[in-house]
Amino acid sequence: MKNYKYIIGLLLLSITIFSCDVDNSLEEISKEAEEKVELNINGLDFSKYVAVGASFTAGFTDNALFIAAQENSFPNILAKKFGTENFKQPLMNDNIGGLTLNGSVIQGPRLYFDGKGPATLDATPTTELTKILTGGFNNYGIPGAKSFHFAVPGYGNISGVPTGLANAYFVRMASSADASVIGDAMAQKPTFFTLSEIGGNDVLGYALAGGDDKIDQITPTATFKLSFESLVKTLTENNVKGVIANVPYITSLAHFTTVSYNPVPLDEATVTAANNAYKTYNDGIKQAFQVLVARGEISKEKGDAEVIKRTIKFTVGQNAVVILDEDLIDLTGINSALTNMRQTTSDDLLVLSSSSLIGTLADPNNPLSVNGVGVALADKWVITPEEQTAIKTATDSYNSTIKNVADTNNNVALVDFKSVLEEASTKGITFDKYTMTTSLVTGGLISLDGVHLTARGYALMANKILEAIDNKFGSNFTKATGGLVKAADYPTNYSSSLR
């Protein structure tokens, strides 16, 4: 069988990535100039605005960090609206993205749209990790950082990068080998701050690993609570004001919703061969549950339901993939050949990267070893309902902590990014003349990696923060002339020629 690289549906698109920018409305007849409304910041001090956060704060997009993306990061956008002078960011060397360590590539270049789907830029990163930047910064967005990483000394020690004990992006900007992110941020003596997407990576790593806790684990809620409360307490010292944000349900992102649960097209001959291959396995499943029912370990109704759930069957047309599910009842004690296999349902979420695996051969010399058909997909390729529940439970707990901090601290405003993503993923969210969704490529909000935002998405994020500032501190960004960001000023994609 062929490699269904673009099983995600992008081959069916007859539109380009620019389609979401089309405006078919007629220009409105000129109206009399509206009265100019002056900006009133109501005593807020933005002279030393410092942003602390993870990849969204950094401006990460299309699976990389690069100059154009950093310039369109929401903190840089906000700095312009705040009138903050000399807002300094740890800029990369180029618009290729990626990192090298002693000349070896440790983070690849950015993605671009090749007319069919996301593709990796054919270029070599030039940002070398050993060339440390000096001086303080305003943007302490550290891609990949979890809540408990921000206060860890040595998180920017280059010697810890190969072992995962340090963060390559913080290495570039850390004031010393034993510095912490929050320590360096506070050394800038901020007069206003944003603390955003703290908690996102605490569940995202687990989700990107398909819920495989041997690859990454969800941060315990108690650890998050202690870390987050400490960060806010530190940032609000000396009555400094700022904005904090809650955590969206990340499983609504395109990375987890683009690949269908039934992405495998099969013809009649292949269906016959596959069903014959699984006959012995299916008979074994039925017999095993008959044994469990006879032992009184489960009811007949439960046993019948489990047999249906675990029977592997293909039909002509689109088919669900075969996966390993560690939460299934272990039958190996009855029959060692009965691994925990089942086919996906609409309740499962296949990660975006699975699209390049499904339909390929696990063994090039064995035509029956089709990944997702003859060979079950491992845990890391799919987020099961049980794993989704674990992500949601942790997210809800994180957000409870964040809300409590906002409710009990007069110096912080809360921006509700959870509701923003929920709106975008269901009916679409309006931003000026555009309706933005979480669809990959065409939605306008989510970049080509399926997780991070486009520049226009970060602009929307900036506006939501400005609205939160108005609501909490009595400023008028939402009403002042030019107080908010315009969607059309920010792109939804970057050309492959941008280097």
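On a 1 Å grid over the protein atoms alone, a cavity is a set of points where a 1.4 Å probe fits but cannot get out, while a pocket is an open set with protein on both sides within 12 Å along at least five of seven lines; lining residues have an atom within 4 Å of a point. The model you are looking at is predicted, with local features needing pLDDT of at least 70, side-chain atom pairs counting only at pLDDT 80 or more, and totals for chains, interfaces and linings using all residues. Residues are numbered from 1 along each chain as its sequence is written, and side-chain values use heavy atoms, with hydrogens and water left out.

Let's start with the largest pocket. Its lining is made up of 42 residues, and those nearest the centre are Phe60, Asn63, Gln107, Leu208 and His452. The space in this pocket comes to about 1,400 Å³, where a volume is the space filled by probe spheres set on the grid points, which are joined across faces, edges and corners. Helices (H or I, at least four residues) and strands (E, at least two) are DSSP runs, numbered from the N terminus. With those labels in hand, you can find strand 3 (104–107), strand 5 (118–120), helix 4 (168–171) and helix 6 (200–208) in the wall of the largest pocket, each supplying at least two residues. Helix 6 gives the largest share, 4 residues. For the chemistry of the wall, Ala, Val, Leu, Ile, Met, Phe, Trp, Tyr, Cys and Pro count as nonpolar, Asp, Glu, Lys and Arg as charged, and the others, Gly among them, as polar. On that scheme the lining of the largest pocket holds 23 nonpolar, 15 polar and 4 charged residues.

Now to the enclosed spaces. Searching the whole structure turns up 4 cavities of 30 Å³ or more. The largest cavity contains about 350 Å³ of space. It is lined by 24 residues, and Phe56, Glu197, Pro248, Phe417 and Leu453 are the closest to its centre. Helix 6 appears again here: together with helix 1 (55–58), helix 13 (417–426) and helix 14 (455–473), it is one of the helices that each supply at least two residues of this lining. This time helix 14 makes the largest contribution, with 4 residues. The classes in the lining of the largest cavity are 16 nonpolar, 6 polar and 2 charged. The second largest cavity has a volume of about 70 Å³, and among the residues lining it are Ala58, Leu65, Tyr169 and Arg172. Its lining divides into 6 nonpolar, 4 polar and 1 charged residues.

Ser55 is a good next stop. This residue sits in helix 1 and counts as buried, at 6% relative accessibility (buried means under 20% relative accessible area, exposed over 50%, and partly exposed in between, with a 1.4 Å probe and protein chains only). Its side chain makes a polar contact with the side chain of His452 at 3.0 Å. A polar contact is a pair of N or O atoms within 3.5 Å; within protein, one must be able to donate a hydrogen and the other to accept it, and residues adjacent in sequence count only if both atoms are side-chain atoms. Not counting residues up to four places away in sequence, Ser55 touches Phe60, Ile142, Pro143, Glu197, His452 and Tyr458, contact meaning heavy atoms within 4.5 Å.

Next, the aromatic rings. Rings of Phe, Tyr and Trp (its six-membered ring) pair if their centres lie within 6.5 Å; planes under 30 degrees apart count as stacked, over 60 as edge-to-face and the rest as tilted. The structure holds 18 aromatic pairs. In one of them, the rings of Phe192 and Phe473 have centres 6.4 Å apart and planes at 80°, so the pair is edge-to-face. Phe192 lies in strand 7 (residues 192–196) and Phe473 in helix 14, so this pair ties together parts that are 281 residues apart in sequence. Both partners are buried, Phe192 with a relative accessible area of 0% and Phe473 with 9%. Ring pairs also link Phe46, Tyr49, Phe82, Phe87, Phe192, Phe473 and Phe477 into a cluster.

Finally, have a look at helix 12 (residues 385–408), where you will find Thr395. Thr395 counts as buried, at 0% relative accessibility. Its C-alpha lies 7.6 Å from that of Pro248, although the two residues are 147 apart in sequence. Leaving aside neighbours within four places in sequence, Thr395 is in contact with Val203, Val247, Pro248 and Tyr249. Asn399, which also lies in helix 12, is buried with a relative accessible area of 11%. With neighbours within four places in sequence left aside, Asn399 is in contact with Asn246, Val247 and Lys418.
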